[in-house]
Amino acid sequence: MAELEAVIGLEIHVQLATRTKMFCGCELSFGDEPNVHTCPVCLAHPGVLPVTNEQAIRYALQIAAALECEVAPRSIFHRKNYFYPDSPKAYQISQYDVPLASNGRLGDVRIHRAHLEEDAAKTIHVGDSGRIHGSSASLVDFNRGGTPLVEIVTEPDLRSAAEAASWARLLRETVRQLGVSDVNMEEGSLRVDGNISVRPAGSEELGTKTELKNMNSFRFLERGIEAELARQRELVEAGGTVAQETLHFNPSDASLTPLRSKEEAHDYRYFPEPDLVSLVPTEEMLREARESLPELPAARIERYRKQMGLAEDTAALLATDPATAAYFEQTAKEAGKGVEPRVVANWVTGELAAALRQDGGDAGAAESKVEPAALAALVAMVQEKKISNSSGKAVLATLVAEGGDPAAIVDREGLAQISDSGELESIVAAAIEANPDAAEQVRAGNRKAIGAIVGFVMKQTKGRADGGEINRLIEAQLDARAG
Amino acid sequence: MASGGGAARLDLETAPRIRRVIDREQVLHVARLARLGLTDAEVETMAGELSGILEHVDRIAALDLDDVEPTSHVVELENVLRADVPHESLPKDVALASAPDPVDGAFRVPSPQAE
Amino acid sequence: MLELTAVEAHEAMAAGELDAGEYAEAWSKAAAGDDLNAYLWRNEDGDGGAIAVDRPSIAPIAVKDIFCTEGVPTTAGSRILDGYRPPYTATAVQRLIEAGAPILGKTNMDEFAMGSSNENSAYGPVLNPWDRTRVPGGSSGGSAAVVGGGLAPWAIGTDTGGSIRQPAALCGIVGLKPTYGAISRYGMIAFASSLDQCGPLTRDVRDAALLLAILQGADPCDSTSVGLRQAPQLPDREDLKGLRFAVPSDLTEHVFDAGVRQVFEATLEKIEALGGELGEVSLPHAEHGISAYYVIAPAEASSNLARYDGVRYGMRAGADGDLIQMYEKTRAEGFGAEVKRRIMLGTYALSSGYYDAYYGQAQKVRTKIAADFRTAFEEFDFVVTPTSPSVAFGLGEKTADPLAMYLNDFFTVPMSLAGIPAISIPAGLSEPEGGGPRLPVGFQIAAPAFAEQGLLDASYALEQAIGFDARPQGVRGG
Ligand SMILES: [Mg+2]
Ligand SMILES: [Zn+2]
């Protein structure tokens, strides 16, 4: 049997950070006592009507622009009918056949559609077991009910759980940087469901998918998808078939339980919402959405790779978080023409990150005591061989601990590279003298033996000499003596 | 255009011939979707009545309207939007005043599936 | 003093000849004499809830119990809302209160406005003031009966497929369904959202104009409301010169009461006598109005009525079962037979596999009906029909045959689907088929969207020419 390939699409619900709900003026909040942000509209009293929140439309258009979607010139709302206590009207106002946005892309993943809808209320199941099936009653809190949501549906372009989790992170950063949502998975302002199937590698057909819910962190997202893929693979390899169902991921034991019995298939009886008129984004709204876009991670990664010559993973490390990106770009700018951005990038992601870790804090580069100008100056000094690599690391450690000017630290600690070749030559000569065995072995062709002599020089110069230069001088002197 | 399945006669001397277009099982399925508990007798009556009504309604099925845009709305408005400005929400006791089973400031309902 | 129309009373108050408080008091007493089961709640009931008006300055009014009134029982004629007191007030009622109209009470109606006879109220049928063995029409039967029966000077109701016009016709009063969007629907309990419209039930056309002027206007709480382009003026037109009236033969050729036909034809003659031109027009799809309507309205209703689930307000049954049992029991016990029938019909029409054949097709018929009217209005100013195929029928006469009941809306539904304004004015009396005392016959005039002023002007001229001044036995006024 051919290898089974994972086919994963994600459905993401993003709560918009508007001040009020989607269709009424109740204030949005998190963590307040139940039912203090309700009104006749969001409690679905008889006779009430929805009125659309303009800011939600603008935020959704920003998301559409960030995801490079096509915006429908005219879209409408539909009613999605289903009974559940968290849905006070017994229908959700959502978009159906004409979503606000479609055909987009983020990174390597295509966006199928992005549409506006309202969030459900919160039900708390009370009972002994704390589980849906064992509970005796539920309490409904309508504070969250009616929060504006953008639902983003991807094409099934993801091929592993890790890829899905890392793409979801990119999406979260993208939406966060638009400033249109808190995108907090624990608080539920970002919710990611997976549509998961497997198929023989190379096949174009899609297998039967399951829907995976309740993965309220990126770690659980990855583990949940991993677990479901394993379950499906085992099933298919044993000759079974995957049943279409919705599964609930339980992070505590990585188990998957069917969420609703599908005895009665869903029939949402969608029809156009007669209480609302159509949505026709104006040129002004579209322009505003486009112009409000900051440079987003995906575009920045692309720019770092193409224009700065950074490797993909380095670019991703620097570009995803806007503060880190700004720090890197400022440092590269300060370092000037003589230093390639690639070198600066390696310092930020390599030496600086290591030094910060060493320091024990969890501050990123941008929050550290190392000013971009200081790092730039340091990198330049190393590059110009004014100080050695190892002196550079020592200076960096000092900068991380107390900040300041690297040139001053170099002076203070006497770390300037020994540039007087006469001085270094005599130290090398002394080192050969002091290590006759090693010198003999090198002459006999064992190049590895040179390490002992180099180590001696390093010790003598306290690291102020360039390793390459030391090697060159030792070899030159040994050759001269032999000749 | 042709008037499809015939005119809506108001002459009700001859009651419409009842063709069973909707059966008992369908009635039960629809009642489940609508969360309507129906007695056996109601299911029977409903099947007959709905069939009669649907037979009348089915006259429009014969109309050739393939190229016609549906009208879900006669209002020619678009972009009726509200500024994102909070209004005052209901005092909590008012919000819960009509609740059949208010508990701890919330609306209590039976659990989705009894044991 | 109760003989005055609302406009006359208003003028007398403005001239300082009539004390608004005393006038309201007199009407309150009249309303207390309700023997038609027309009021479900009166403002004097003293049950703790009341609707106060700062300074009465216009005739008091009866409000269909479909409008939410803060703190005051609002049932929509349904058991499922028994005891419900809304936390807010409908925009239409708010406008009345702000205009200084004391609220006399809430009127009985077919449950959730579904019905044409008022026999679908959970609180018993309303009796026709002309003949208490007959129905007042529906669903705004209570509002029509209080005006026709001298229990209120005027009233508001709602019309989805004829629910203002048909009971107005059956009770011998004026009923106006304005253009969809003219009056806010906020706070009006929804039956079929794309069709529901609030409107006046009054003694005469001028009262209807005054009431429309108070009610109309865009409302930020109703995204589909636009209001009228101009506030309606009191009509004073005396002739119909230069106005063209179309009779849609495809509708009127259908059989209806001989007496109704006679009154209809006599009214056409009066139009000509006033200088109006008559012509025939074809509305080829209008006869399918009933079919389209009985798909669209139940479909929307099935969704609108899904919120009555025993969770947040209203009655709850089956609380000892699980969630689904609670839902099913609550709705089984809370809703009456007609409401259940329409929920079933609408759910079926929207359900998977049937949407295109029913809901989709009905929406297309709607497009064609609206287009038919637009074509007609290129040549004519108005389309006229009888309002109802018959005069008031007997209580219980049609309850066993839902389809026969639905056909009461045959002449009124097409205008609802097209969203255009239509008025019913009393045109005369006719003996019912099978004999009995003569009963009112309504004449329906429809106009293009937002042409309310022209509609009122023409109706006023025709009303004067008809000179309908009959009142049920024992009822003063006119
Ligand atoms: Mg959704
Ligand atoms: Zn609210």
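Two strands are taken to pair if DSSP finds at least two bridges between them. The structure described here is a predicted model. By the pairing criterion, strand S7 (residues 244-248) of chain C and strand S9 of chain C are partners: two bridges connect them, in the parallel sense. One contact of S7(C) with S9(C) involves C:Phe245, whose bridge partner is C:Phe382.

Strand S9 of chain C, which spans residues 382-386, also pairs with strand S11 (residues 439-446) of chain C. Here the strands run antiparallel and are joined by four bridges. Within S11(C), C:Ile445 is the bridge partner of C:Val384. S9(C) is mostly covered, with five of its five residues buried.

In chain A, the magnesium ion (ligand 1) has three protein donors, namely A:His13 through NE2, and A:Glu117 and A:Glu151 through OE atoms. These donors lie 2.0 to 2.4 Å from the ion. Along the chain they follow the spacing H-x103-E-x33-E. The pair A:His13 and A:Glu117 links distant parts of the chain, the two residues being 104 residues apart. A:His13 belongs to strand S1 (residues 4-15) of chain A, and A:Glu117 to strand S7 (residues 109-118) of chain A. A:His13 has a relative accessible area of 13% and is therefore classed as buried, the cut-off being under 20%. A:Glu117 is likewise buried, at 4%.

Four cavities of 30 Å³ or more are present in the structure. The largest cavity has a volume of about 220 Å³. Its lining comprises 25 residues, of which A:Val41, A:Pro88, A:Lys89, A:Glu118 and A:Gly146 are the closest to the centre. Strand S5 (residues 91-94) of chain A supplies the largest share of this lining, with three residues. By residue class, the lining of the largest cavity divides into 13 nonpolar, eight charged and four polar residues.

The disulfide count over all chains is zero. C:Cys68 is in no disulfide, and the nearest cysteine sulfur, belonging to C:Cys221, is 13 Å away. A disulfide would require the two sulfur atoms to lie within 2.5 Å. C:Cys68 is buried, with a relative accessible area of 0%. In chain A, A:Cys39 is also buried, its relative accessible area being 3%.

How values were computed
Residues numbered from 1 in each chain as written. Chains lettered and ligands numbered in written order. Predicted model: local features only at pLDDT ≥ 70, side-chain atom pairs only at ≥ 80, totals over all residues. Heavy atoms only, no water. Buried < 20%, exposed > 50% of the residue type's maximum accessible area, 1.4 Å probe, protein only. Donors = N, O, S within 2.8 Å, 3.2 Å for Na, K, Ca; no water. 1 Å grid on protein atoms, 1.4 Å probe; cavity = no way out; pocket = protein on both sides within 12 Å on 5 of 7 lines; lining within 4 Å. Points joined across faces, edges and corners; volume = space filled by probe spheres on them. Nonpolar A, V, L, I, M, F, W, Y, C, P; charged D, E, K, R; others polar.
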